[in-house]
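Here's a quick tour of a few helices and strands, with the cut-offs spelled out along the way. Have a look at the model first.

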Amino acid sequence: MYACSFSGTVMGIDGMMVSVETDIANGLPQFDLVGLGGSAVKEARDRVRSAMRNAGFDYPMQRITVNLAPADQRKEGSGFDLAIAIGILLASKQIPPREERILILGELALDGSLRPVSGVLPILLEAKRNGFTHVVLPEQNEAEARLVDIVVLPAAHLQDAAKYWTQKQLVSRRTEATGMKTISLNRSTEYPDFSNVYGQDLVKRGLEIAAAGFHNVILVGPPGSGKTLLANCLPGIMPQMTMEESYEVTKIYSIAGHLTRTSGLVRERPFRSPHHTITATALIGGGTQIPRPGECSLSHGGILFLDEMPEFSRHVLEVLRQPLEAGIVTIGRSKQVFTFPARFLLIGSCNPCPCGYFGSRDQRECYCSPLQIQRYRAKLSGPLLDRIDLHLEVPRVPVHLLNQRSVAESSAVIRDRVEAARTIQSKRFGHRATSPFNSAMSGEELRRYCMLDKEGQELLQMAFETLGLSARAYDRIVKLARTIADLAGAEKIGSSHVAEAIRYRALDRQVGVC
């Protein structure tokens, strides 16, 4: 007796359909699972047997063979349990077949209850493209599944899933799928407000430019100057995510298993802040068989904050070069190459020296030796700093500003200007579905949208020769000037915009900072 059910798995960031073929034949009781499954897949044999018996179904005491096709692709995870159980029930004629194309996802507990699985959104998007009309999955994955225009059949137990095969008409609990257009994108997370940051007007201006054009930032200053607070304020002025960006970020978080039971679409830009002990694999992504996204991909569309960057391993920092330049992470394996999106805004912080007081303008004296300072600075290589657009000095806040406690400009006011600049960029880069920001401009777009007048060209040439800038740094200054012009509502880039952009290259023009 033969039956075929359908399930799915994740390959990289996309879903892949898997046919679960079940054959029950006469012979000694045996369960063979083939199709290049991982350890969690092979252990499904024992979970399915116990779940079927405890749910009140008959487990055939015959030779059972289950094949996961295509057999040449590696499959990981426990999401095939329910599809295997349904396949056995179909092959043993305990439930009738159905004409609808039904996708089946879910992990079985030994008592027959269903547990949630990860990667539901990319799997369902692929299922929709392959003509599937219904999906049976655990109740905990229902909110995520309703982001796709497909009939969702949630189940809490194996018995609930089996009942769908006996109904005359398969009807979801709700009459409508949530869908893309009905998701609200209102902000729900509270971030520190810029109105509570005293002084640091130049740094706030730099962060505003970074948020408007998605430019990378590094903050350099002594301990206690407010670098971490300023970085934590940045998400509060970031432009709202588009629907396409939200869907892409939600796919990544679904694969990583970071969506909760009530999670639908990820509505706010991610803010990730890993500890300095993180490994290169955890930062960039990877795995033994099928790689999983790392912190770079989990920050896609949002912010990756590296506090005290020189404390990170140099090797860990150097793996950031590809995502900072290309916006993707490529992980190669012997049989396949996986690509994860990783276009994020990097914001890092560091001290001028190990003790933090080198070149300080107050009375604190630096006790670091020249060799210690050199080793500390060497953690941040030239090619890495070249990929960071804004180098902002964060000085200590004068005591009279702390005594005044005057209310500064709020994040809401700054965000309005950022949104206005974002609107200009969206019109300019309307052909791009994601990352319609100035920082992602190609060489052709630079020539089209970033023409400098004669005075601006002369100013930039002088800076290029004086500071010894690379061609990459030259282009990044031009992109930065384009964002400054957008914030000012200017159609063309003026010399004042170029001058301000050059001002934010502190690590190029000074020797006494990190």
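## Two helices, end to end

Helix α9 (residues 243-256) has 14 residues, which at 1.5 Å a residue should span 20 Å, and its end C-alpha atoms are indeed 20 Å apart, so the two agree. The expected span here is 1.5 Å times one less than the number of residues. Helices (H or I, at least four residues) and strands (E, at least two) are DSSP runs, numbered from the N terminus. Before going further: this is a predicted model, where local features need pLDDT of at least 70 and side-chain atom pairs count only at pLDDT 80 or more, while totals for chains, interfaces and linings use all residues. Residues are numbered from 1 along each chain as its sequence is written, and side-chain values use heavy atoms, with hydrogens and water left out.

Helix α7 (residues 201-213) gets the same check, and here's how the pair looks:

| Helix | Residues | Expected span | End C-alpha distance |
|---|---|---|---|
| α7 | 13 residues | 18 Å | 19 Å |
| α9 | 14 residues | 20 Å | 20 Å |

How much of α9 is buried? 11 of its 14 residues are, so α9 is largely enclosed by the rest of the structure. Buried means under 20% relative accessible area, exposed over 50%, and partly exposed in between (1.4 Å probe, protein chains only). Among the buried residues of α9 are M243, Y247, I252 and Y253, and K251 is on the list too. Right after α9 comes G257, with a positive phi near 75 degrees.

As for α7, 10 of its 13 residues are buried, leaving it mostly covered. Those buried residues include V203, L207 and I209, along with K204 and E208. F214 follows α7, and its phi is positive, near 60 degrees.

## A strand with two partners

Strand β4 (residues 63-69) is mostly covered, with 5 of its 7 residues buried. Strands pair if DSSP finds at least two bridges between them. Strand β2 (residues 14-25) runs antiparallel to β4, joined by 7 bridges, and S19 stands opposite A69 of β4. Strand β3 (residues 30-34) runs parallel to β4 through 5 bridges, with L33 opposite V66.

## A helix crossing

Helix α2 (residues 44-54) packs on helix α3 (residues 81-91) at about 55 degrees, their axes 10 Å apart. That makes α2 oblique to α3. (Under 35 degrees counts as roughly parallel, over 145 as roughly antiparallel, 65 to 115 as roughly perpendicular, and the rest as oblique; axes are lines fitted to C-alpha atoms over the stretch in contact, with angles from 0 to 180 degrees between N-to-C directions.) The contact (heavy atoms within 4.5 Å) involves A44, R47, V48 and M52 of α2, plus D81, I84, A85, I88 and L89 of α3.
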